[in-house]
Amino acid sequence: MSSRQDKEKGSKSRINIKNKKASFEYFFIKQYTAGIVLTGTEIKSIRDGRASLVDTFCYVNRGEMWVKGMNISPYFYGSYNNHESKRERKLLLTKKEIRYLDEASKQPGYTIVPVKMFIDGNGRAKVEIALAKGKREFDKRQTIKDNEDRREMDRARKNF
């Protein structure tokens with residue numbers, strides 16, 4: 001199957017960079033999909049899968065949403081105009097969404113975290129962000145227990 005047919009059949013991208021630590025550390029209250037403003041060779045690095053969402057967070061500054069700590073590795077074939085890997089990047093959301101997230105994140109225990117980065121059907125990089133509430137220690141232990149139980153049930157199903 002050619003790449004063109006692959007694009008036409010299912011416009012799902014293979015690029016799917018997740019922040020696995022976020023789902024362990026936080027309860028997701030509400031999720032949004034945001035565009036991201038990139039420069040130069042950043043999109044090429046993302047298409048190569050050379051990005052990381054570990055230790056990233058979002059904040060609002062002057063009515064604009066920004067993501068801090070996102071690592072997009074420099075593009076291998078880039079020259080002198082390669083990008084800085086850990087710069088702050090602007091997210092594209094509506095004003096209404098930004099106002100809501102700004103007010104909600106000011107409450108104690110709430111924050112905004114990037115959950116997933118992907119390439120949409122039109123070839124644009126998107127970031128899925130979530131309004132999140134921090135888990136307590138006993139919540140984390142419960143999450144671990146649930147995951148172990150789920151794995152055990154899957155193993156039991158495979159044996160039958």
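**Salt bridges in the predicted model**

The side chains of Asp 154 and Arg 157 are joined by a salt bridge, with a distance of 3.2 Å from N to O, in what is a predicted model. Both residues belong to helix α5, where a spacing of three residues separates Asp 154 from Arg 157 by about one helical turn. Asp 154 is partly exposed, at a relative accessible area of 34%, whereas Arg 157, with 56%, is exposed. Elsewhere, Glu 42, Arg 87 and Arg 89 are brought into one network by salt bridges that share partners.

Helix α5, which spans residues 137–159, also contains Lys 140, whose side chain meets that of Glu 25 in a salt bridge of 3.0 Å, N to O. Because Glu 25 is located in helix α2, this pair ties together parts of the structure that lie 115 residues apart in sequence. Glu 25 has a relative accessible area of 24% and is partly exposed, while Lys 140 is buried, since its value of 16% falls under the 20% cut-off.

The structure holds eight salt bridges, and another of them pairs the side chains of Lys 21 and Asp 55, at 3.8 Å from N to O. Lys 21 sits in helix α2 (residues 20–25) and Asp 55 in the loop between β3 (51–52) and β4 (57–61), so that this salt bridge links parts 34 residues apart in sequence. Lys 21 counts as partly exposed, with a relative accessibility of 46%, and Asp 55 counts as exposed because its 56% is over the 50% cut-off.

Methods. Residues numbered from 1 in each chain as written. Predicted model: local features only at pLDDT ≥ 70, side-chain atom pairs only at ≥ 80, totals over all residues. Heavy atoms only, no water. Salt bridge = Lys/Arg side-chain N within 4 Å of Asp/Glu carboxyl O. Helix = DSSP H or I, 4+ residues; strand = E, 2+ residues; numbered from the N terminus. Buried < 20%, exposed > 50% of the residue type's maximum accessible area, 1.4 Å probe, protein only.
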